[in-house]
Amino acid sequence: MELIREIDRGCGVQKLIQLWPSAKYASVDIFLEYFQSGLCANGRGADSAPPRNTLKGTTLAAILNGSVPSDHRSTSVSSPWAEQQIEPAPVMAKRFISYLNNYEVEMKEKGKATFVSYISDLNGDEEEEAKEEEDEEVEKSASAFFDDLMQPSLLPGETIITHAESALRFAPCSDRKQGISGNLFVTNFKVSFVTADKSSYTHDEKKQQQRNKLIDDTDIPLTSIDTIYQVLSGGKRKSCTPGSIVSSSSKYLEIHCKDFRIHVFGFKFVPKEQNKRVTQAILHHSCPTRDDLLFAYEFALHGKFREKPMHSRFYNQQDWELELGRLKCQEEWRVADVNKLYNMSTSLPEYFVVPNNITNADLQKASGQYNEKRLPTWSYSYSNGACLVRMSQLNPDSDFKKCEENMLAAVKLASGETGEVKVVDLAVTCPTIADIQASGQRLMALCMIDSVKDFYSQDSTWMSRLDATQWLQNVASILKTAEDIKDTMLSQKRSVALKEETGYDVSCVVSCLVQMILDPVYRTQQGFSSLIQREWVVMGHPFQTRSRLVLGEEGQQSPVFLLFLDCVWQLLQQFPSRFEFTETFLTTLWDTLQLGLTETFLFNSAWHRQRFFREGRKLAIVSLPSVWEWRLQFSEEDILLFNNPLYSLNATLDLETVIASAKGSLKRSGSNTMANSYPHTLAEFYERNDKHSGLFKKPTSNVLHPVYSSTAMLQLWSQCYLRWSVPAQILGGGRPAQYLQQCLLVEEVVCLHHRVKILEEQKDREKRDRSNLSLPRPQSGLVFSLESHSVLDSGHLTSSFPFPAAVTAQTQHKLISGPLSLYLHDSLLQYDYTDAED
């Protein structure tokens, strides 16, 4: 009856959509009868057109008249979890009576209603037929609208394969007692859950923050699926593998993803044929046997992307020459084109750098002696001449034993040093890909827990379980190897050759870490992107094989790239002001790899990339966007979360100058006050600091010296591994709280520094001509520099920020902290810098 009263008052569609599910009806027809007899009869339709790009205030009559914006007809909106145990919608009766006008409605099998009036004063058969036609048109329009709301949003080339109705999506760590009902779709790109509960429409539109433009929070990319389990009667858990028999009577479907997230769906009310069909579709399309069966091919074919020029892509000779010029080593090294058209090796790029004293003929001759023909290639040269090269092992049956000695002699000559090149066998000092895979699986088992009881049952042994995974031990061994190589190049001035069986796995990790430790350029976002592009993508790390995007040989999957990102994160924790990017940038890189839509992380080599784009199953030349085109996935505000406020402070302001000017001001303000006043004490602190520690002076060396000696000095990357675990969430705290406070402080410093400059310039100008002065306010490049703060108004602050929090709607009222916007408001200084005039 509440629904009837709201319709009679002519309320908006937001309220109706909320009330509709609670009215315990499962069909639009009943809803339409109420609407047709109550709302339209009162003449409330034409004057209720919706505002642009929003459903707020839209009446159902306006929807049926076609005035709803098209971009809202196929939008799936996530909604809060239901508090109570989910119950199926009751079966709709064949007939019912409208209590608005006593019409009796007969429901037919196909969902159409025939209205029979028992009122005797109708004007004849013609009016009755006209009314029936009008009713049918109204019903068709409403049914089409609500059907669109229950459809997933699709990307170019994406098609729906199958779906299951009345599926249940359970809340994380709810013991399968809380969740929502909806339709579960399987497309050629993702598993998508769409619900009829539109209660999220009540939120302000500016607060509907979408973390990724390509997928919704309830979407699961097929390429991110790691393991699929069917839970049968009695709680028996069955792992589904390609080719295995799928049961049609499973109660639950568990999908474990590579981003450490678990999705659980209930099939209690799903027809058995849909149950089996959906499970088979997920299993089949998440394990393609060829790369051109990936959705990325359809996305490239229908998306019609154009290859954009990018700085330092390293697919051409010029980018390599620019890098040699930046490091001032172009006299000793050259860009070889011996692999043009991949005639020598399909693992190496067409262009790579070798010693200047080796000819192409020598390279051709030597390449056959190395595994996958990956002969020694240049990676980096330090300012003292010491260089870093990578190579694979010699073939076991090679009869050219002096090949490696000759190649290393050429490297030694190019380095200009008399010392021998140090060969580091990474098989001895670092974990193998099998070790990394095994420890990664144990880490996932530790962090991916979907039960609060299980989480707390292992709480007392958490540290020992973490130690048993051997993940942090692998991180420590990698960092130790990188630090040793740095010392060899820096202190001993010796060149180093990284030797690995394949030459494209652990050597990528160690090479990048050494370069980041030695060169501050690679600690910027652009430099780091260029480094990954060169050392990983172009030099042939097999992303597709290691991430198992395509079904291949057993034992080839390994999270090598995740291990690298974890090592970088450890450096970021030890040197928080020396990196331009944040941990959110690193986590987003890992998530984007699982998305499977960018050319950067989709292929095994540059040759593989070219073949995919030119020799696909439809023989069409296609292209995909690069991962570095962040605007394809995120808004400007989201991209600003990649910026490190501590680095920005050093980059935008000369702290020594700021502190020097502050000292004089503090002295003057403290001269007329008590000796123990705050300004006077702070001025003395600055004086003592100048004489002793030099706290505010920039580092004299750009080289980092990380600590690696013990795993006790390392930390668990909780943002990446525990962001989906509800019991592990820190409410109102964690690293996000530190990050946001740092952003606020930097924004205040930038603004105050700007005001000081304006006052100084005005004072000088008044002495001359007293003309007005307007200086543009510098931008900090942080999230608070934008006028829109939707990402900050999107919810409560937890340690998973800025990723979608795992906290449900039912637990938000239990949070100790208030909303994130209130938390940030209380943290501001008493100065509204957002309205400061330039």
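**Close-up views of a predicted model**

**View 1. Glutamine 470 is partly exposed, with a relative accessible area of 35%.** That value falls between the cut-offs of 20% for buried and 50% for exposed, so "partly exposed" is the label for glutamine 470. Keep in mind that this is a predicted model. The residue belongs to the loop that links α14 (462-469) to α15. Its backbone is worth a look too: glutamine 470 isn't a glycine, yet its phi is positive, at about 70°.

**View 2. Aspartate 175 is another non-glycine residue with a positive phi.** Here phi comes out at about 55°. Look for aspartate 175 in the loop between β4 (160-170) and β5 (179-187). Its relative accessible area is 44%, so aspartate 175 goes down as partly exposed.

**View 3. Helices α15 and α16 cross obliquely.** Helix α15 covers residues 471-490 and helix α16 covers residues 506-518. Their axes are 9 Å apart and make an angle of about 55°. An angle under 35 degrees would have counted as roughly parallel and one of 65 to 115 as roughly perpendicular, so this pair is called oblique. As for handedness, the α15/α16 crossing is right-handed. On the α15 side, the residues in contact are Ile478, Leu479, Thr481, Ala482, Glu483, Ile485, Lys486 and Met489. Facing them from α16 are Val506, Val509, Val510, Leu513, Val514, Ile517 and Leu518. Sorted by class, this contact has twelve nonpolar residues, one polar and two charged. The polar one is Thr481, while Glu483 and Lys486 are the charged ones.

**View 4. Helices α16 and α19 run roughly parallel.** Helix α19 takes in residues 560-574, and its axis lies 10 Å from that of α16. The angle between the two is about 20°, which is under 35 degrees, so the pair counts as roughly parallel. This crossing of α16 and α19 is right-handed. What does α16 bring to the contact with α19? From α16 come Val509, Cys512, Leu513, Met516 and Ile517. They meet Val560, Phe564, Cys567, Val568 and Leu571 in α19. By class, that makes ten nonpolar residues, with no polar and no charged ones. Val509, Leu513 and Ile517 also turn up in the contact of α16 with α15.

**View 5. Leucine 531 is buried in helix α17.** The helix runs over residues 525-538. Is leucine 531 buried or exposed? Its relative accessibility is 0%, so it counts as buried. Leaving out neighbours within four places in sequence, leucine 531 touches Cys512, Gln515, Met516, Tyr522 and Trp536. Cys512 and Met516 also belong to the α16 side of the contact with α19. For a distance check, take leucine 531 and serine 511: they sit 20 residues apart in sequence and 9.7 Å apart in space, C-alpha to C-alpha.

**View 6. Phenylalanine 801 and proline 802 share a cis peptide bond.** Omega for this bond is about 5°. Proline 802 sits in the loop between α27 (735-768) and α28 (820-827).

**View 7. The whole protein, for context.** There are 28 helices and 17 strands. Of the 838 residues, 52% are buried. The protein exposes about 38,900 Å², and carbon and sulfur atoms supply 50% of that. Among contacts with a separation of 6 or more, 72% are between residues 24 or more positions apart.

Note on methods. Residues numbered from 1 in each chain as written. Predicted model: local features only at pLDDT ≥ 70, side-chain atom pairs only at ≥ 80, totals over all residues. Heavy atoms only, no water. Helix = DSSP H or I, 4+ residues; strand = E, 2+ residues; numbered from the N terminus. Buried < 20%, exposed > 50% of the residue type's maximum accessible area, 1.4 Å probe, protein only. Contact = heavy atoms within 4.5 Å. Areas by Shrake-Rupley, 256 points an atom, 1.4 Å probe, with all protein chains shown as cover. Axes fitted to C-alpha atoms, helices over the stretch in contact; angles between N-to-C directions. Parallel < 35°, antiparallel > 145°, perpendicular 65-115°, else oblique. Left-handed = near helix turned anticlockwise from the far one by under 90°.
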